[in-house]
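Work through the exercises below with the sequence and the coordinates at hand. Each task is followed by a solution in steps.

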Amino acid sequence: MPASSGAGGSGRRPAGPGLYVHVPFCAAKCGYCDFASVPSGSADSVAGGRHERFVDSVLRRARDLAREEGIGPFATVYVGGGTPTLLAPPLLGRLIEGLRALAPGAEEITVEANPESLDRERLAVLEVSGATRLSLGAQSLEDAALAAAGRRASAADARKALGLLAARWKGALSVDLMSGLPGGTPEGLALSAREALAAGARHVSLYELTLEEATPLARAVGAGTVSLPDDGLRGETHAAVEAVLAGAALFRYEVSNWASRGSECLHNLNYWAAGEWVGAGPSAAGQKRLPGGGVRRRSAPASIDRFLADPADGETVELVSPRDAFFEALMLGLRTVRGVDLRGLEERFGAPAARLALDFAASRPDALAFAGGAIAPTSRGMDILNPVLVALGELVERRFPVGPGTAAAGA
Ligand code: SF4
């Protein structure tokens, strides 16, 4: 089989269980967004408002879930959304300090920020309260693309935020970019990547716009008032950004993520390793591994009012069978340059299941390689992963070994 992707492998390994908190407030709704977030003005930020009740509720729920699920100690914390930095500075500080108390040994505490809500005061609060890493949702520094996508922040807002971050967060900064936005150009997004790197980003997530049904952007595209870049232009944009990132010695360690060695996101590495985590907040989900290979997944409903009334109300618990958990572990692990550790598969799912994965990898030398005890995608494999996973899914469906060496489905 061919050597693996040639990127040299990821420098960091998953560090252990994570704690995710979803902050469901945004300044305004972006045109393409179907995440669980609602527009929420700064008036909400004052004492007694929904933001304050949310912070207290989510801290309480995170603590209770950690105890009920028996997950911890947490190696990482990730505060996402929504827009966590929309919270007023005292509330933002209270949230991060509270999470720090729940995860005293955490190696990484990431907070997502949007350009329009970031200022010196909030940055100072984040630093003092213990955040170790910031993830800026810039998406692009092209005004035409930002406006067409219904983003609130302008390119000037993003540059201002990058300027503030450059002063103190160099090396602990991740920037999200999005290709496929209407009006976006390869040169414009490549320049956005250059500016992010110049501000000190050592981690860049490059996502492709997904047109979600029932969003304003999907309606505008459907009505023909907005057009999206074609496949050729999207490919060119991706290649242009990738060239900039490679030029700055960032390597692609996951399908949509690039980092310099040592700057990979530990929290997400745990997701891709199909590890364990607690998720607190509206629409958040967490998972616990079960003996025999299955998984228990607990998810909260998206309603903010319901969460504020009772943070545990309406949670659902799903038992994922060993077969489905096996496929998920492969599907997630194969997104990363590190791949899936064969011994880990064997320990969780049994030797026959590990053999099935190895045989599949041997049948797809165009996309997968086995080296250093792991099955990993080749460089080309990362680009053609979807059809490979479809074929893998069909094989697992037909041939996942049930019997001695693997447990029955569920808990
Ligand atoms: S900032 Fe993010 S979560 Fe908020 S509306 Fe825009 S895309 Fe959605």
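The radius of gyration is taken here over C-alpha atoms, and the globule rule is 2.2 Å times the number of residues to the power 0.38. The model is predicted.

**Exercise 1.** Decide what radius of gyration a compact globule of 411 residues would have, and compare the chain with it.

Solution. The rule gives a value near 22 Å for 411 residues. The chain has 21 Å, which agrees. Along the principal axes, the C-alpha trace spans about 60 × 50 × 45 Å.

**Exercise 2.** Describe the secondary structure, the burial and the contacts of the chain.

Solution. Start with the elements: there are 15 helices and 17 strands. Next, burial: 48% of the 411 residues count as buried. Last, take the contacts between residues at least 6 apart in sequence; 75% of these join residues at least 24 apart.

**Exercise 3.** Place E187 in its helix and classify it as buried or exposed.

Solution. E187 belongs to helix α6, which runs over residues 186-198. A residue is exposed if 12 or fewer other C-beta atoms lie within 10 Å of its own. E187 has 12 such neighbours, so it counts as exposed. As for distance, Q139 is 48 residues from E187 along the chain, and their C-alpha atoms are separated by 14 Å.

**Exercise 4.** List the residues around the ligand and sort them by character.

Solution. The shell consists of C26, K29, C30, C33, F35, S37, G81, G82, T83, N114 and G137. Sorting gives four nonpolar residues, six polar and one charged. Gly is counted as polar and Cys as nonpolar in this sorting.

Methods
Residues are numbered from 1 along each chain as its sequence is written. This is a predicted model: local features need pLDDT of at least 70, side-chain atom pairs count only at pLDDT 80 or more; totals for chains, interfaces and linings use all residues. Helices (H or I, at least four residues) and strands (E, at least two) are DSSP runs, numbered from the N terminus. A residue is buried if 20 or more other C-beta atoms lie within 10 Å of its own, exposed if 12 or fewer, and partly exposed in between; C-beta atoms are placed from the backbone. A residue is near a molecule or strand if its C-beta atom, placed from the backbone, lies within 6 Å of it. Two residues are in contact if their C-beta atoms, placed from the backbone, lie within 7 Å.
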